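Q: Please take a close look at one part of this structure and then set it in the context of the whole. I am new to this structure and would welcome a connected account.

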Amino acid sequence: MVGSPVKGIAADLSEVPDEAFAGRMVGDGAAVLPTDPIVCAPEDGEVVFIFDTKHAVGFAMDNGISLLLHMGVDTVKLEGRGFEVLTRQGAKVKKGDPMLKLDLDYLNANAPSMMSPILCTELEENQKVRLLKEGRIEKGEALFAVDICE
């Protein structure tokens, strides 16, 4: 189970207005449109990397699943403006620990979309993502599951 890292509106990944994300070329998962500025650890795990531009976090869950939390579309072009990092690379975090703070007014005005892909980047052939929630979602609420197919 992967919890939502942020309060907002959950949607299928295909609704992200970006071909690479919507087409699941970067990984499979779900998307959340943030309505709250604090992005938290979706589960217990480790902050593997934080992009220099602060718009995305690589995360390894304690169960071994690798995630990419990509806040918004084309937000890399903002060069870090609108984002504040609240953790550090290599940090061991618990579900709900704050990792990023978003300036939603700035980001909504300057990014093409704040629809944020939450992706599993290294799924095995027999692992499939199953969306658990669409519409309003609370931080930490189950967003999607990774099922093992026989």
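A: A residue is called buried when its relative accessible area is under 20%, exposed when that area is over 50%, and partly exposed in between. The model discussed here is a predicted one. With these cut-offs in hand, the account may begin at Pro 98, which has a relative accessibility of 41% and therefore counts as partly exposed.

Pro 98 belongs to strand E10. Once its neighbours within four places in sequence are set aside, Pro 98 is in contact with Ile 38, Val 39 and Cys 40, and also with Leu 86 and Thr 87. Strand E4 covers residues 38-40 and strand E10 covers residues 98-102. A distance to another position on the chain gives a sense of scale: the C-alpha atoms of Pro 98 and Glu 150 lie 36 Å apart, with the two positions 52 residues apart in sequence.

The loop before this strand takes part in a link of another kind. Which residue pairs with Lys 95 in a salt bridge? The partner is Glu 43, and the closest N and O atoms of the two residues are 3.7 Å apart. Glu 43 sits in the loop between strands E4 and E5, while Lys 95 sits in the loop between strands E9 and E10, so this salt bridge ties together parts that are 52 residues apart in sequence. The two partners are not equally covered: Glu 43 has a relative accessible area of 15% and is therefore buried, whereas Lys 95, at 40%, is partly exposed. In general terms, side chains of opposite charge can pair when their charged atoms come close.

This pair is one of ten salt bridges found in a search of the whole structure. Another joins Glu 141 to Lys 133, with a closest N to O distance of 2.8 Å. Here Glu 141 has a relative accessible area of 28% and is partly exposed, and Lys 133, at 24%, is likewise partly exposed. A third salt bridge brings the side chains of Arg 24 and Asp 28 together at 2.6 Å, N to O. Arg 24 and Asp 28 also belong, together with Asp 12, to a network of salt bridges.

Arg 24 deserves a further word. It is located in the loop between helix H1 and strand E3, and its relative accessible area of 32% makes it partly exposed. Most residues other than glycine have a negative phi. Arg 24, however, has a positive phi of about 60° although it is not a glycine. Lys 54 also has a positive phi, of about 65°, and is not a glycine either. Lys 54 is placed in the loop between strands E5 and E6, and with 30% relative accessibility it counts as partly exposed.

Helix H1 spans residues 19-22 and includes Ala 22. Beyond the residues up to four places away in sequence, Ala 22 touches Leu 13, Ser 14 and Val 16. Its C-alpha atom is separated by 8.7 Å from that of Pro 117, although the two positions lie 95 residues apart along the chain.

Is Ile 137 buried or exposed? Its relative accessibility is 1%, so Ile 137 counts as buried. This residue is part of strand E13, residues 135-137. Among the residues it touches, leaving out those up to four places away in sequence, are Val 6, Ile 9, Val 32 and Leu 143. By contrast, Ile 137 and Ala 109 are 23 Å apart in space, C-alpha to C-alpha, at a sequence separation of 28 residues.

These details fit into a wider picture. The protein chain contains two helices and 14 strands. Its radius of gyration is 14 Å, close to the 15 Å that the globule rule gives for 150 residues, so the chain is as compact as a globular protein of that length. Along the principal axes, its C-alpha atoms fill a box of roughly 45 × 30 × 25 Å. Buried residues account for 48% of the 150 residues. Of the contacts between residues at least 6 apart in sequence, 67% join residues at least 24 apart. The accessible surface comes to about 7,300 Å², and 47% of it belongs to carbon and sulfur atoms. Finally, the chain carries 15 positive and 25 negative charges, whose mean positions are 5 Å apart.

Terms used:
Residues are numbered from 1 along each chain as its sequence is written. This is a predicted model: local features need pLDDT of at least 70, side-chain atom pairs count only at pLDDT 80 or more; totals for chains, interfaces and linings use all residues. Side-chain values use heavy atoms; hydrogens and water are left out. A salt bridge is a side-chain nitrogen of Lys or Arg within 4 Å of a carboxyl oxygen of Asp or Glu. Helices (H or I, at least four residues) and strands (E, at least two) are DSSP runs, numbered from the N terminus. Buried means under 20% relative accessible area, exposed over 50%, partly exposed in between (1.4 Å probe, protein chains only). Contact means heavy atoms within 4.5 Å. The radius of gyration is taken over C-alpha atoms; the globule rule is 2.2 Å times the number of residues to the power 0.38. Accessible areas come from the Shrake-Rupley method with a 1.4 Å probe; for residues, only the protein chains shown count as cover. Lys and Arg count as positive and Asp and Glu as negative; His and the chain ends are not counted. The place of a charge is taken as NZ of Lys, CZ of Arg, CG of Asp or CD of Glu.
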